[in-house]
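User: I'd like to learn how to read a few features of a model like this one. Could you walk me through them?

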Amino acid sequence: MIEELSSLFWWLGLIVFLYLSANFLRILLIYHILPTKLSTYGKSWALVTGATYGIGKAYAVSLAAKGFNLYLIARTESLLIDLSKELSSKYQIQVLYMKCDFSGLQTSESLQQKFIDLFQSYDFSILINNVSSLSRIHFSDMKLNEINYMHSLNTYPLLFLSKVFLDNSSHRKGKRGIITLSSASTVLTMPMISLYSGTKCFGDRFMLALYNETDADILCVRPLAVSSNMTENYKPNLVLDDPKDLVEPSLKCLGRIDICYGSWKHIFYYFLLYGLPSWLTKAIFYFFIYESVHRKIFPRSKM
Ligand SMILES: NC(=O)c1ccc[n+]([C@@H]2O[C@H](COP(=O)([O-])OP(=O)(O)OC[C@H]3O[C@@H](n4cnc5c(N)ncnc54)[C@H](OP(=O)(O)O)[C@@H]3O)[C@@H](O)[C@H]2O)c1
């Protein structure tokens, strides 16, 4: 009996080892050996939401460098103008922008029509669903208007834009793809950002299901922690990645797999955190998020 059990464990261990090794090799191939599939998208347009800071800006810069024309969206017009000028002159591409508050998209038919007209007017091959907001606060302390704002900003725009993008790009000869910014909070439970993680789960699950419904390339990107406004612009460090450390590998994943966890460093952290019991990961995240709000241990060294 003991011999049979130990041989069963041996085989189970071997299967787990082979499974992990295959995944490791797959990521190694995608990140370092295979070329991106972006050349199969043809000379076309990419739309980036929340394009003026952090991760959205890094996507805009990277796609501009790869020759895509850009349509940028955010609320701060001065930043949109500056970024458009910088990218169009540096990379000899066309860059247009729209100043818009996405939290009102669900209730504004005129704004929705603007986007429908936009997608009908240009050959968009890439949509980056990036915009979201986050509050580090107990749900019980949130005001109703904050709840409505976060819910409408983090969920509806990605649904609406994905629908209009897919409808209008179905005739394209080249490929097309959607990248949606998900979050580590969709797989690791994080207290103090409960509403945020709930809204991110919605987008994550929606996109992963869509992956099997459409011929478009669909990618969910699940950053752990990236230096940006959302993380109060702390310098990249042992935990925080620079936005481009997330964006470059994710563009390599598009068209090859459906989930990207970012840099090798973050893949390693995911691997460690997955292995811990959930009460411990919850306690770790509660500690870090609480401390990042109340500043008991973290120095205020900003970028
Ligand atoms: N940073 C992280 O550690 C991290 C971790 C996990 C997931 N993510 C996800 O990654 C994505 C990007 O995060 P980030 O850290 O780069 O964010 P960020 O630095 O806060 O940038 C947000 C962008 O969205 C725009 N924006 C904000 N509210 C808007 C609104 N109501 N309407 C239109 N545009 C709006 C901002 O510009 P304006 O203010 O000018 O509008 C800015 O360009 C998000 O989906 C986030 O959930 C980030």
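User: Let's start with strand pairing. Which residue in S5 does Ile128 stand opposite?

Analyst: This is a predicted model, so read everything with that in mind. Ile128 faces Ile179 in S5. That pair belongs to a parallel pairing of S4 with strand S5 (residues 177-181), made over 4 bridges.

User: What about S1, and which residue is the bridge partner of Leu47 in S4?

Analyst: Leu127 of S4 is the partner of Leu47. Strand S1 (residues 45-49) and S4 run parallel, with 4 bridges joining them. As a general idea, side chains in a regular strand alternate between the two faces of the sheet.

User: Is strand S4 enclosed or open, and how many of its residues are buried?

Analyst: Count neighbours: a residue is buried when 20 or more other C-beta atoms lie within 10 Å of its own. In S4 (residues 124-129), 6 of the 6 residues are buried, so the strand is largely enclosed by the rest of the structure.

User: Which residues have the most contacts inside the largest nonpolar core?

Analyst: Ala46, Val48, Ala60, Leu70 and Leu72, in a core of 65 residues. Helix H2 gives the most to this core, 7 residues. Take Ala60: beyond its neighbours within four places in sequence, its contacts are Val48, Ala51, Leu70, Leu72, Leu83 and Leu87.

User: And the ligand: which residues come nearest?

Analyst: Out of 29 residues around the ligand, the nearest are Gly50, Gly54, Arg75, Ser228 and Met230. H2 (residues 54-65) turns up again here, with the largest share of the shell at 3 residues. By type, the shell splits into 14 nonpolar, 13 polar and 2 charged residues.

User: How should I read phi? Which sign does it have at Met192 and Asn233, positive or negative?

Analyst: Most residues other than glycine have a negative phi. Met192 has a positive one, about 80°, and Asn233 also has a positive phi, about 55°. Met192 sits in the loop between S5 and helix H7 (194-211), while Asn233 is in the loop between strand S6 (217-221) and helix H8 (243-253). Met192 has 19 C-beta neighbours inside 10 Å, so it counts as partly exposed; Asn233 has 13 and therefore counts as partly exposed too.

User: Last one: where does UniProt list "transmembrane region"?

Analyst: The unreviewed UniProt entry lists residues 12-34, 178-198 and 267-290. Set that record beside the model. Residues 267-290 are 92% helix and 0% strand, with end C-alpha atoms 24 Å apart. Residues 178-198 are 24% helix and 19% strand, with the ends 21 Å apart.

How values were computed
Residues numbered from 1 in each chain as written. Predicted model: local features only at pLDDT ≥ 70, side-chain atom pairs only at ≥ 80, totals over all residues. Near = placed C-beta within 6 Å. Helix = DSSP H or I, 4+ residues; strand = E, 2+ residues; numbered from the N terminus. Nonpolar A, V, L, I, M, F, W, Y, C, P; charged D, E, K, R; others polar. UniProt positions renumbered as here; feature names shortened; annotations may be inferred. Buried ≥ 20, exposed ≤ 12 C-beta atoms within 10 Å, placed from the backbone. Pairing = 2+ DSSP bridges. Core = buried A, V, L, I, M, F, W, Y, C linked by C-beta atoms within 7 Å. Contact = placed C-beta atoms within 7 Å.
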